[in-house]
Amino acid sequence: MKKQSFPSKNSLVLLCLYLCAGILIHSCKPDDPLTGIQTTTNTNLVKTSYLLTIEDATTGELIGSQNGKSVKVTVHGPDKNLVVDMYGKSATAFIASNGTISLGIQPDGMPSPSKPLKFTLVLESDGYISTSYPVIITGNQNSIINIPMVDISNPPSGVVVKTNTDVVA
């Protein structure tokens, strides 16, 4: 009969492997993935902003919130190039989904009472009468503008919608 010693060679080898693995795992610290990365935030994108809420004139519901429609908002006028989306991207046409859109003025477009910014918003959506809304900005401000649009098939009481089908070319 062989004499077995405690602990056996296999047990000692396993114990040494576990200790070495533990030391290696404990001593290896993973690098912080953000080490050496610097972020820069530009807070000078928009000083003056407007939240447009575009509502059905009869129901008061935001256009697109119930029926999935969108509203095309185009900008016209002398200061149209100063209008940007909330990411600072300049454009003269925007799409409002769910009845809202946020627009702003470029930081270099500094409005004042003596030099106001002027432009006109034109709103269009299938099944609605196109609407224009003049905007005059005299200072840096944040505002909410509610713009109603008339649904051709469901106008508010007192409003009659007539369409002309006799078009002469």
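Start with T53, a residue in strand β1, which covers residues 48-56. Keep in mind as you look that this is a predicted model. T53 has a relative accessibility of 10%, so it counts as buried, given that buried means under 20% relative accessible area. What does T53 touch, once residues up to four places away in sequence are set aside? Its contacts are L62, G99, T100, I144, I145, N146 and I147.

One of those partners, T100, leads us on to strand β5, which spans residues 100-105. At the other end of that range sits I105. Is I105 buried or exposed? With a relative accessible area of 2%, I105 is buried. Try finding M86 as well: I105 and M86 are 19 residues apart in sequence, and their C-alpha atoms are 9.1 Å apart in space.

I105 also helps to line a cavity, so let us look there next. Rolling a probe the size of a water molecule over the atoms shows where empty space is left. In this model the count comes to 1 cavity of 30 Å³ or more, and the largest cavity has a volume of about 60 Å³. Its lining is made by Y50, L52, V83, L103, G104, I105, F119, L121, V135 and I145. You have already met I145 as a contact of T53. Which strands each supply at least two residues of this lining? They are β1, β5 and β6, the last of these running over 117-124. Strand β5 gives the most, with 3 residues.

Now turn to the helix. Helix α1 takes in residues 9-27, and L14 is found in it. L14 has a relative accessible area of 46%, which means that it is partly exposed: exposed would be over 50%, and buried under 20%. Together with L17 and Y18, L14 makes a nonpolar surface patch of about 370 Å².

Finally, step back to view the whole chain. It has 1 helix and 8 strands, and from the N terminus the helix comes ahead of the strands, in the order α-β-β-β-β-β-β-β-β. Of the 169 residues in the chain, 25% are buried, T53 and I105 among them. The accessible surface comes to about 12200 Å², and carbon and sulfur atoms account for 56% of that. How do contacts link up the sequence? Among contacts between residues at least 6 apart, 60% join residues at least 24 apart in sequence.

Technical notes. Residues numbered from 1 in each chain as written. Predicted model: local features only at pLDDT ≥ 70, side-chain atom pairs only at ≥ 80, totals over all residues. Heavy atoms only, no water. Helix = DSSP H or I, 4+ residues; strand = E, 2+ residues; numbered from the N terminus. Buried < 20%, exposed > 50% of the residue type's maximum accessible area, 1.4 Å probe, protein only. Contact = heavy atoms within 4.5 Å. Patch = residues over 30% accessible without salt bridge, like charges linked within 9 Å, V, L, I, M, F, W, Y side chains within 5 Å. Areas by Shrake-Rupley, 256 points an atom, 1.4 Å probe, with all protein chains shown as cover. Salt bridge = Lys/Arg side-chain N within 4 Å of Asp/Glu carboxyl O. 1 Å grid on protein atoms, 1.4 Å probe; cavity = no way out; pocket = protein on both sides within 12 Å on 5 of 7 lines; lining within 4 Å. Points joined across faces, edges and corners; volume = space filled by probe spheres on them.
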